[in-house]
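Hi,

Here is the structure I said I would pass on. Have a look at it first, and then read my notes below.

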Amino acid sequence: MPRTTVTAEYQVTIPKDVRERAGLKPCAKLDVTAARHVIRLVRVPTLERLRGIARGQRQRPARQAGPPLTHLPSTHTELDHAACPFDRLTLR
């Protein structure tokens with residue numbers, strides 16, 4: 001596994017084999033996220049790479065407005081106990 005070092009200016013050099021496998025070029029934009037002891041770099045796609053991505057897809061008609069919301073959580077406690085799809089998510 002390739003290793004790198006954080007400089008005094010908090011800069012990191014990405015090893016050549018990793019850059020080549022990821023297809024990184026100079027001035028590539030990366031999103032950076034951190035969780036505990038893991039730092040993840042994800043390449044931001046350029047407009048050129050996104051061009052034509054939806055070609056051939058059929059368009060759906062505009063979504064119709066549904067009935068108005070009748071109840072919104074009004075207190076922090078009520079909001080904390082509202083159903084959340086991430087409640088059962090566990091991080092490892």
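Let me start with Arg-21, which is exposed, because its relative accessible area of 64% is over the 50% cut-off. Before going on, please keep in mind that this is a predicted model, so treat the numbers below as computed from that model.

Back to Arg-21: its partner is Asp-17, and the two make a salt bridge in which the closest N and O atoms are 3.7 Å apart. Both sit in helix H1, and because they are 4 residues apart there, about one helical turn separates them. Asp-17 is a bit more of an in-between case: its relative accessibility is 37%, so it counts as partly exposed.

How many salt bridges does a search of the whole structure find? The count is 2. Besides the Arg-21 and Asp-17 pair, there is a salt bridge between the side chains of Lys-16 and Glu-20, at 3.9 Å from N to O. This pair is also in helix H1, and since Lys-16 and Glu-20 are 4 residues apart, they too are separated by about one helical turn. Lys-16 and Glu-20 are both exposed.

Now to the pockets, which I guess you will want to see. The largest pocket comes out at about 530 Å³. It is lined by 15 residues, and those closest to its centre are Thr-4, Val-12, Ile-14, Ile-39 and Leu-41. By type, the lining splits into 11 nonpolar residues, 3 polar ones and 1 charged one. Which element gives the most to this lining? That would be S2, with 3 residues.

The second largest pocket has a volume of about 160 Å³. Its lining consists of Ile-14, Val-18, Ala-22, Leu-24, Leu-30, Arg-40, Leu-41, Val-42 and Arg-43. Here 7 of the lining residues are nonpolar and 2 are charged, with no polar ones. S2 again has the largest share, this time 4 residues, and helix H1 (16-22) is also among the elements that supply at least two. If you are comparing the two linings, Ile-14 and Leu-41 are named among the residues closest to the centre of the largest pocket, and they also turn up in the lining of the second largest one.

On the outside, there is a nonpolar surface patch of about 370 Å², made by Leu-30, Val-32, Ile-39 and Leu-41. Strand S1 (30-35) and strand S2 (38-43) are the elements that give two or more residues to this patch. Ile-39 is worth a click: it is in strand S2, and it is exposed, because its relative accessible area of 64% is over 50%. Ile-39 is also one of the residues closest to the centre of the largest pocket, so if you pick it in the viewer, you can look at the patch and that pocket together.

One last residue is Thr-46, which lies in the loop between S2 and helix H2 (47-50). Is Thr-46 buried, exposed or in between? It is partly exposed, since its relative accessible area of 37% falls between 20% and 50%. Thr-46 and Ala-28 are 18 residues apart in sequence, while their C-alpha atoms are 8.6 Å apart in space.

That's the lot from me. Shout if anything is unclear.

Cheers

Notes:
Residues are numbered from 1 along each chain as its sequence is written. This is a predicted model: local features need pLDDT of at least 70, side-chain atom pairs count only at pLDDT 80 or more; totals for chains, interfaces and linings use all residues. Side-chain values use heavy atoms; hydrogens and water are left out. Patches are made of residues with over 30% relative accessible area and no salt bridge: like charges are joined within 9 Å, nonpolar side chains (Val, Leu, Ile, Met, Phe, Trp, Tyr) within 5 Å. Accessible areas come from the Shrake-Rupley method with a 1.4 Å probe; for residues, only the protein chains shown count as cover. A salt bridge is a side-chain nitrogen of Lys or Arg within 4 Å of a carboxyl oxygen of Asp or Glu. Buried means under 20% relative accessible area, exposed over 50%, partly exposed in between (1.4 Å probe, protein chains only). On a 1 Å grid over the protein atoms alone, a cavity is a set of points where a 1.4 Å probe fits but cannot get out, and a pocket is an open set with protein on both sides within 12 Å along at least five of seven lines; lining residues have an atom within 4 Å of a point. Grid points are joined across faces, edges and corners, and a volume is the space filled by probe spheres set on the points. Ala, Val, Leu, Ile, Met, Phe, Trp, Tyr, Cys and Pro count as nonpolar, Asp, Glu, Lys and Arg as charged, and the others, Gly among them, as polar.
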